[in-house]
Amino acid sequence: VYIVWGSTYLAIAVVVQTMPPLLTAGLRHLIAGVIMLGILAMLRRGSVLRLTRREWLGAGFVGVALLLGGNGLVVLGERDVPSGLTALIIAIVPLFVVLLRRVFGERVATGTFVGVAAGFVGVAVLIVPNGISGQVNLLGMLMLLGASLSWAIGSYFSKTVALPRDPFASTGAQMLTGGASLIVAGTLFGEWGLADPSQFSTASVVSLLY
């Protein structure tokens, strides 16, 4: 999981060198969602894809939080922040989840809080000196922290909203709605004007396919 998951951050860093970040992120999630739901429809004769309105709304909420807020801020932040540091910052998502659990009244063990505090101190040690010295773009760092928080929100509330029972149908629906929201965001930010195929590097195209 970590090999595949971690390497995607390197691929993203290469994609955004010559391609519009939000549009490419939306495109890859839309394609992935179509592939997943298409395979699911063939294997299970489509019955599992008959989602209710509440299930689409639930999947849409989670998809927007994970992909528009989470992945969208990652692709924007990676224009200025190295991929290795990006992956490290995104790894604090569990810490935000613990804080959300406490905020919404769940009991959290003292040891868990100690771990959360240590984690945030560690992240501060990495972010503050680099940001102040100008070695790493501070706005990019804040985007990545926002991405972590948005991903944690989507993860935490995924257990409270109506989602399809089948996890693959749920994931596919989340990718479709999240991918569509990224395309809309890219459009609003004028990224179509940056979508010049003649300027796309081979490395960016291969990384997008990856």
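**Helix packing and surface features of a nine-helix protein**

The buried residues of helix H8 are Ala169, Ser170, Gly172, Ala173, Gln174, Met175, Gly178, Gly179, Ser181, Leu182, Ala185 and Gly186. Here, buried means under 20% relative accessible area, exposed means over 50%, and partly exposed lies in between (1.4 Å probe, protein chains only). Helices (H or I, at least four residues) and strands (E, at least two) are DSSP runs, numbered from the N terminus. The model is predicted: local features need pLDDT of at least 70, side-chain atom pairs count only at pLDDT 80 or more, and totals for chains, interfaces and linings use all residues. Residues are numbered from 1 along each chain as its sequence is written, and side-chain values use heavy atoms, with hydrogens and water left out.

The buried residues of H8 pack against H2 and H3. Contact means heavy atoms within 4.5 Å. H8 has 22 residues, which at 1.5 Å a residue should span 32 Å. Its end C-alpha atoms are 31 Å apart, in agreement with that value. The expected span of a helix is 1.5 Å times one less than its number of residues.

Helix H2 covers residues 21–44. Its 24 residues should span 34 Å, and the end C-alpha atoms are 34 Å apart, which agrees. Buried in H2 are Pro21, Leu22, Leu23, Thr24, Ala25, Gly26, His29, Gly33, Leu37 and Leu40. These buried residues pack against four helices: H1 (2–15), H3 (53–77), H8 (167–188) and H9 (202–209). An α-helix has 3.6 residues a turn, so residues three or four places apart point the same way.

A nonpolar surface patch of about 630 Å² is formed by Leu27, Ile31, Ile35, Ile39, Met42 and Leu43. Patches are made of residues with over 30% relative accessible area and no salt bridge; like charges are joined within 9 Å, and nonpolar side chains (Val, Leu, Ile, Met, Phe, Trp, Tyr) within 5 Å. Ile39 belongs to helix H2. Ile39 counts as partly exposed because its relative accessibility is 42%.

The whole protein has nine helices and zero strands. Read along the sequence, its pattern is α-α-α-α-α-α-α-α-α. The C-alpha trace spans about 55 × 55 × 30 Å along its principal axes. For 210 residues, a compact globule would have a radius of gyration near 17 Å. The protein has 18 Å, which agrees. That radius is taken over C-alpha atoms, and the globule rule is 2.2 Å times the number of residues to the power 0.38.

Of the 210 residues, 41% count as buried. The accessible surface comes to about 11,400 Å², and 69% of this surface belongs to carbon and sulfur atoms. Accessible areas come from the Shrake-Rupley method with a 1.4 Å probe; for residues, only the protein chains shown count as cover. Among contacts between residues at least 6 apart in sequence, 87% join residues at least 24 apart.

The structure holds two salt bridges. A salt bridge is a side-chain nitrogen of Lys or Arg within 4 Å of a carboxyl oxygen of Asp or Glu. One joins the side chains of Glu106 and Arg101 (3.2 Å, N to O). Arg101 is partly exposed, with a relative accessible area of 27%. Glu106 is also partly exposed, at 24% relative accessibility. The side chains of Glu106 and Lys159 meet in a salt bridge too (2.9 Å, N to O). This pair links distant parts of the chain, 53 residues apart. Glu106 sits in the loop between helix H5 (93–103) and helix H6 (110–133), and Lys159 in the loop between helix H7 (138–157) and H8. Lys159 counts as exposed, at 54% relative accessibility. Arg101, Glu106 and Lys159 are thus linked in a network of salt bridges.

Three further positions relate separate stretches of the chain. Gly6 is in helix H1 and is partly exposed at 24% relative accessibility. The C-alpha atoms of Gly6 and Gly119 are separated by 19 Å, at 113 residues apart along the chain. Gly190 lies in the loop between H8 and H9. At 43% relative accessibility, Gly190 counts as partly exposed. Gly190 and Leu73 are 117 residues apart in sequence and 16 Å apart in space, C-alpha to C-alpha. Ser198 is found in the loop between H8 and H9. Ser198 is exposed, with a relative accessible area of 58%. From C-alpha to C-alpha, Ser198 and Gly26 are 20 Å apart in space and 172 residues apart in sequence.
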